[in-house]
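Welcome! Take a moment to look over the chain below, and then we can talk through it together.

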Amino acid sequence: MACSNLVKLNATSSSWISQQSFGQRSAAPLGSSARRVSVVRAGSHADELVQTAKSIASPGRGILAIDESSATCGKRLASIGLDNTETNRQAYRQLLLTTPGLGEYISGSILFEETLYQSTIDGKKFVDCLRDENIVPGIKVDKGLVPLPGSNNESWCQGLDGLASRSAEYYSQGARFAKWRTVVSIPCGPSALAVKEAAWGLARYAAISQDNGLVPIVEPEILLDGDHSIERTREVAELVWAEVFHYLAENNVMYEGILLKPSMVTPGADHKEKASPETIAKYTLTVLKRRVPPAVPGIMFLSGGQSEMEATLNLNAMNQSPNPWHVSFSYARALQNSVLKAWQGRPENAEAGQKALLARAKANSMAQLGRYSAEGESDDAKKGMFVKGYTY
């Protein structure tokens, strides 16, 4: 992505963002005429939201993200020579969602809308397959990224129009949590406008989701694209996460009923020096402790194009000492890559594909508990999966 007129976020621009906050209210006048305002958070679903979030953020478990759009799922299938048809997408998702014993390591699964309404070839709803394994069904609700006018060639996430009615329908279909992904690009600045737009969109989505009984996964992804240092990523992460929680508060979102899905604090993909898992853990946890309230039950990291082994090693390093939150995973490629290679689209390889999924899920379960060892990992698990400008 070409970027122009780069705007570097710093203390000054952060202050400017805060001063220009959407929906900022004036203080109520003091005196006998001042009225007390009672804020209702999460409506009638508050208790259920807290219970759902706690269930997902349970020890030794994390999230399987299979919410790729039909087009992106088609790219996955193309890598093993399969056509992008609904039948093939259904077969692949059935392979994943009917894996025996998956619930031991997986607490929630993010589905694409198509998958939420699908069933196995034997007619069992996918949401019921998940429930049988004590896995909470979730749903991707954003409508993807589009160019943000007035920015440095950055993007914003669309999907707020009609979100309330869609969320109510997803709840009736069995979903109990939602996901909204927006991104921030460091090579493009990021601009104050892009950061504010990302934070505000996430906050509005979260409030709407809670009002309709869905635990919102708040996903402000800071893209790996670029040659910046880990210090620059930390700087941007602090500012982005601060803005996100500022607007979550302004929208009366109940922190106990959300989950945060951030990217890990790492150097840019093109940076000349790689960082060790211990360094990544140190930088990431430092920012989390500075910016994320302990009321948030779970931090479910995205893998962002890291290799399967890298994502697991970094998670393991973050769980070497107690954290205020459940620190776990919400991986897509870092759980599925080995599965696709084992399955190859052949019915006779279905069991091998499921075993590969269980192996990766167990590895990340051990990392969530701080007990993972990379001994015996395959060469494929060590291969990076970064794609510049990745979309799904």
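Here are some questions and answers about this predicted model.

Q: How many helices and strands are there in the protein chain?
A: Let's start with the whole chain, which has 392 residues, 58% of them buried. Its secondary structure comes to 13 helices and 10 strands.

Q: Among contacts between residues at least 6 apart in sequence, what percentage join residues at least 24 apart?
A: One example of residues far apart in sequence is V244 and V195, which are 49 residues apart along the chain and 8.7 Å apart in space, C-alpha to C-alpha. Over the protein chain, among contacts between residues at least 6 apart, the part that joins residues at least 24 apart is 81%.

Q: Is V244 buried or exposed?
A: You can find V244 in helix α9, which runs over residues 230-250. Beyond its neighbours within four places in sequence, V244 touches A199, L202, V218 and P220. Buried means under 20% relative accessible area. The value for V244 is 2%, so V244 counts as buried.

Q: What span should helix α10 have, at 1.5 Å a residue?
A: Helix α10 covers residues 277-291, which makes 15 residues. The expected span takes 1.5 Å times one less than the number of residues. The end C-alpha atoms of α10 agree with the expected value, which is 21 Å.

Q: What covers the buried residues of α10?
A: The buried residues in α10 are P277, I280, A281, Y283, T284, L285, V287 and L288. As general background, an α-helix has 3.6 residues a turn, so residues three or four places apart point the same way. The cover over the buried residues of α10 includes α9, β8, β9 and α11.

Q: Which residues are the closest to the centre of the second largest cavity?
A: The structure holds 4 cavities of 30 Å³ or more, and the second largest has a volume of about 100 Å³. Its lining has 7 nonpolar, 8 polar and 1 charged residues. Of the 16 lining residues, the closest to the centre are I222, L224, S263, M264 and T266.

Q: Which residue does a cis peptide bond join to G189?
A: Most peptide bonds are trans. The cis bond here has an omega of about -15°. Look in the loop between β6 and α8; the residue joined to G189 is P190.

Q: Is N153 buried or partly exposed?
A: N153 sits in the loop between β4 and β5, and its phi is positive, near 60°. Buried means under 20% relative accessible area and exposed means over 50%. With 42%, N153 therefore counts as partly exposed.

Note on methods: Residues are numbered from 1 along each chain as its sequence is written. This is a predicted model: local features need pLDDT of at least 70, side-chain atom pairs count only at pLDDT 80 or more; totals for chains, interfaces and linings use all residues. Side-chain values use heavy atoms; hydrogens and water are left out. Helices (H or I, at least four residues) and strands (E, at least two) are DSSP runs, numbered from the N terminus. Buried means under 20% relative accessible area, exposed over 50%, partly exposed in between (1.4 Å probe, protein chains only). Contact means heavy atoms within 4.5 Å. On a 1 Å grid over the protein atoms alone, a cavity is a set of points where a 1.4 Å probe fits but cannot get out, and a pocket is an open set with protein on both sides within 12 Å along at least five of seven lines; lining residues have an atom within 4 Å of a point. Grid points are joined across faces, edges and corners, and a volume is the space filled by probe spheres set on the points. Ala, Val, Leu, Ile, Met, Phe, Trp, Tyr, Cys and Pro count as nonpolar, Asp, Glu, Lys and Arg as charged, and the others, Gly among them, as polar.
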